[in-house]
Amino acid sequence: MSENLKVAGGSPLSAGHGSLAFGVPTSTPGTIYALAIAGGITVRPREGRTILFGRNRPEVHVCIGENDRRVSRHHGLLTCHQDQWWVNNTGRLPIRLPDSRLLFTDDEPIPLTEGYTPLFVRGSNDREHLLELYVTGVDGQQPTSQHNDPTQPPRTWKLSPAEKLTLVVLSQRYLFHEAHPQPLSWRQTALHLAELQPDAGWTAKRVEHNVVAVRTRLSKDGVAGLTRDEVGEPVGNSLNHNLIRELMTSTTLVPPDLELLNQPDD
């Protein structure tokens, strides 16, 4: 950070500072930490305080992608407004937030939640430049260590045998770890199920009924991205894609479930 670019209430973070993913020291509630490979800054909250990040080290508070011309010289801002920190994109490339959310130039600023948030900017040759952020909570502290606590298992979702078989067929490209998977269509899924269970009366409508029933249950239980109102038009494969990601992330569906696709012995 340039000596001429100090922020009131701010202190520098060295290039050798450990990842913010491990937490931060006890700080004033609402303090933000911003760290890249070249170092960073920590700033106490106050209305209007701003942190600038980008490629041009002499003109930013946090330098990212210093030797990558695809990163803008002034790529984004972190601004304290109404007791919250907001991220704004001022560069040419989008900024990727958690859950693959993209923030484009001139989009409305996005508020940061308490705790750890990684931001990514894709540069030349698919390089990913990371800006780590951490906003301290109301107690001003990082989460307590829980080294010896039992591991909390993921929440899995209950599926009937027919629902599970339907979803394994529908999501087989994901379970096979294909590079850019998409769900099978209702018709493709029904044809595959009919091969596995010729006498079960599988149709595209039955497949759709099973999958929609699961989406509806999970949506009512708080899983986001499973309704048309949330995703918007055109929906395409988004609803089933989001459902499959949730089922795999929660380990409700796992690659060994592909065994269900084996033809039964005659």
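In which sense, and over how many bridges, do strand E4 (residues 50-54) and strand E6 pair? They pair in the antiparallel sense over four bridges, where two strands count as paired if DSSP finds at least two bridges between them, and strands (E, at least two residues) and helices (H or I, at least four) are DSSP runs numbered from the N terminus.

Before I go on, I should say that this is a predicted model, in which local features need pLDDT of at least 70 and side-chain atom pairs count only at pLDDT 80 or more, while totals for chains, interfaces and linings use all residues. Residues are numbered from 1 along each chain as its sequence is written, and side-chain values use heavy atoms, with hydrogens and water left out. The chain averages a pLDDT of 89, with 91% of the residues scoring at least 70, pLDDT being the predictor's confidence in each residue, from 0 to 100.

Let me stay with E6. Phe53 stands opposite Gly76 in E6, and on pairing with strand E7 (residues 84-89), E6 makes six bridges, again in the antiparallel sense. Cys80 stands opposite Trp85 in E7, and in the hairpin of E6 and E7, with two residues between the strands, Gln82 takes a positive phi near 55°. Along E6, which covers residues 76-81, the side chains alternate, in that Gly76, Leu78 and Cys80 point to one face and are buried, whereas Leu77, Thr79 and His81 point to the other and are not; here buried means under 20% relative accessible area, exposed over 50%, and partly exposed in between, with a 1.4 Å probe and protein chains only.

Turning to salt bridges, defined as a side-chain nitrogen of Lys or Arg within 4 Å of a carboxyl oxygen of Asp or Glu, the count comes to eight. One of them joins Arg127 to Asp68, with the closest N and O atoms 3.7 Å apart. Because Arg127 lies in the loop between strand E11 (115-122) and strand E12 (128-135), and Asp68 in the loop between strand E5 (62-63) and E6, the pair ties together parts that are 59 residues apart in sequence. Asp68 is buried at 1% relative accessibility, while Arg127 is partly exposed at 35%.

Another salt bridge links Glu208 and Lys205 at 3.5 Å between the closest N and O atoms, and these residues, three apart in helix H4, are separated by about one helical turn. Lys205 counts as exposed at 58% relative accessibility, and Glu208 as partly exposed at 27%.
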